[in-house]
Amino acid sequence: MSNIRYKKNNLFVENISVKKLASQIVTPFYLYSEGNIVENYKSFLNNFKRSNPLICFSVKANSNIQILKILKKLGSGADVVSGGELLKAIKSGIKPSKIVFSGVGKTEDEIRLAIKKNILLINVESENEAILINKISGQLKKRTSIGVRLNPDINAPTHKKISTGKAEDKFGLSKTNLISFCLKMNKFDNLRLDAISVHIGSQILNENPFKKTLKVLDEIIKKTKIKFKFVDLGGGFGITYKKNDQKLNLKNYSKLVEKFKKKYNCNIIFEPGRAIIGNTALLVAKVQYLKKGSNKTFAILNAGMNDFMRTALYDAVHNILPVIKNSKKNNGPLEFVGPICETTCKFIKYKKYQKINQSDHVAIADVGAYGASLSSNYNTKPLIAEIIINKSKKRIIRKKQNLKNLINQ
Ligand code: LLP
């Protein structure tokens, strides 16, 4: 059960009332439930427990170091895509032997860092990248474990801007290129091809594309005749943001993964981000102004697209919850917007909403994944605070950025 819920008409995160927090802390702020993070991690692992996978949390979904520390304690590894994420993951206590490094454009410095830190795998996305990793490994007198990322040419039904597994996408190697890459491995003296990896997109709510991907992997592994020590199945597991969203059921997929693992006697890796952190947070904001439009009312929040980008970027639907529920209705449609000087700085429009007043607090729901991590200083606004609740205890895990530090450059 979620720890973010109403008690009578009051929104609570674990044992703390959001109203009370909003009277103590400057809004807007991100507010996490530690209990939800732990539950999500355990339930994800439980789903695949018969395959005994290594879970490498996708740090891009949420890179707060305190959150990484919580996940580390649960046994998580990390999927990183930059030198910064790599250093943060290590700083959080995650062992390099549980870190995989993905991304199409790793720089020389990032590659050198990853090699020096002896991470589990660098997931290679092109032959030219492998040439560079081989060269740097030689300079450092190391043999580096790599994975090769497959582009399986699978169209996973999700938002077109977060799909990664089609032939036209920049990620991974096509089937034919991957096979010819494997045949050339003997020219890379300083590399060891330990893994094959794949990631077909994000917010996928149907298990079929995952199953199809497994089939493609099966076909490719047979063709390469390579015994891969690891098969990295990526992330992409969707969550329900909208009432009518289908709930992802991974039962059958999980059975197929188990069979696959047995067949190839390999270790399975997953790189979930959203499934672990998505539904663990609210963005608490204040209604700065109410403004009458010609056919709707605008509730102008003090949080904007700089704090939370998903709606502006992907037209993502995130519900907005009143912090105190009432039974009165608002007159006519109500649109929640932010203060940033862009038309896309808006969140959601309701035909009917409860009566809302200026200075009321509301909470944007399910913002744990790609919320804080995608936020920016656009319009020279400071990054907002992040708070986490564990039962009745609150901890500030990021202080609101100091405006003084922002205005000097
Ligand atoms: N592994 C790789 C190689 C990835 O590129 C990603 C996400 C993940 C794992 C984690 O995917 P997840 O389990 O979170 O779906 N900003 C967008 C999502 C971009 C995802 C990028 N890659 C959003 O807010 O929806």
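**Exercise 1. A salt bridge across the sequence**

Task: In this predicted model, find the N to O distance in the salt bridge between the side chains of R50 and E258, and place both residues in the fold.

Solution:
1. The side chains of R50 and E258 meet in a salt bridge, with N to O at 3.2 Å.
2. The cut-off for such a pair is 4 Å, so this one qualifies.
3. R50 sits in the loop between α2 (34-47) and β5 (54-58).
4. E258 belongs to helix α9 (residues 251-264).
5. The two residues are 208 residues apart, and the pair links distant parts of the chain.
6. By the same cut-off rule, the count of salt bridges comes to 16.

**Exercise 2. Two domains and their interface**

Task: State how the protein is divided into domains, and what area domain 1 and domain 2 bury between them.

Solution:
1. Domain 1 covers 4-32 + 278-407, and domain 2 covers 34-277.
2. Their centres, taken over C-alpha atoms, are separated by 32 Å.
3. Contacts involve 25 residues of domain 1 and 24 residues of domain 2.
4. The size of an interface is often given as the accessible area lost when the parts come together.
5. Here the buried area is about 2,100 Å², with 48% of it on carbon and sulfur atoms.
6. On the domain 1 side, T280, Y314 and Y370 lose the most area to domain 2; together they make up 25% of what that side buries.

**Exercise 3. Polar links between the domains**

Task: How many salt bridges and how many residue pairs in polar contact are there between domain 1 and domain 2? Which elements supply the domain 1 side?

Solution:
1. The salt bridge count between domain 1 and domain 2 is 1.
2. E34 and R395 form a salt bridge, and their closest N and O atoms are 3.8 Å apart.
3. Polar contacts between the domains number 16 residue pairs, both residues at pLDDT 80 or more.
4. On the side of domain 1 that touches domain 2, α11 (310-314), β19 (385-390) and β20 (393-398) each supply at least two residues.
5. β19 gives the most to that side, with 4 residues.
6. By class, that side of domain 1 has 10 nonpolar, 9 polar and 6 charged residues.

**Exercise 4. Around the ligand**

Task: Which residues come nearest to the ligand, and what distances do R274, R310 and Y314 show to ligand atoms?

Solution:
1. There are 20 residues around the ligand; S202, E271, R310, Y314 and Y370 come nearest.
2. R310 places a polar side-chain atom 2.6 Å from an oxygen atom of the ligand.
3. For R274, a side-chain N or O atom is 2.8 Å from a ligand oxygen atom.
4. For Y314, a side-chain N or O atom is 2.7 Å from a nitrogen atom of the ligand.
5. Y314 and Y370 also appear among the domain 1 residues that lose the most area to domain 2.

**Exercise 5. Backbone checks**

Task: What is the omega of the bond joining T27 and P28, and what is the phi of E14?

Solution:
1. Most residues other than glycine have a negative phi, and most peptide bonds are trans.
2. T27 and P28 are joined by a cis peptide bond, with omega about -5°.
3. P28 lies in the loop between α1 (18-24) and β4 (29-33).
4. E14 has a positive phi, near 50°.
5. E14 is in the loop between β2 (10-13) and β3 (16-17).

Technical notes:
Residues numbered from 1 in each chain as written. Predicted model: local features only at pLDDT ≥ 70, side-chain atom pairs only at ≥ 80, totals over all residues. Heavy atoms only, no water. Domains from an automatic or database assignment. Contact = heavy atoms within 4.5 Å. Buried area = accessible area lost by both parts, 1.4 Å probe. Polar contact = N/O pair within 3.5 Å; in protein donor to acceptor, adjacent residues only side chain to side chain. Nonpolar A, V, L, I, M, F, W, Y, C, P; charged D, E, K, R; others polar. Near = heavy atom within 4 Å.
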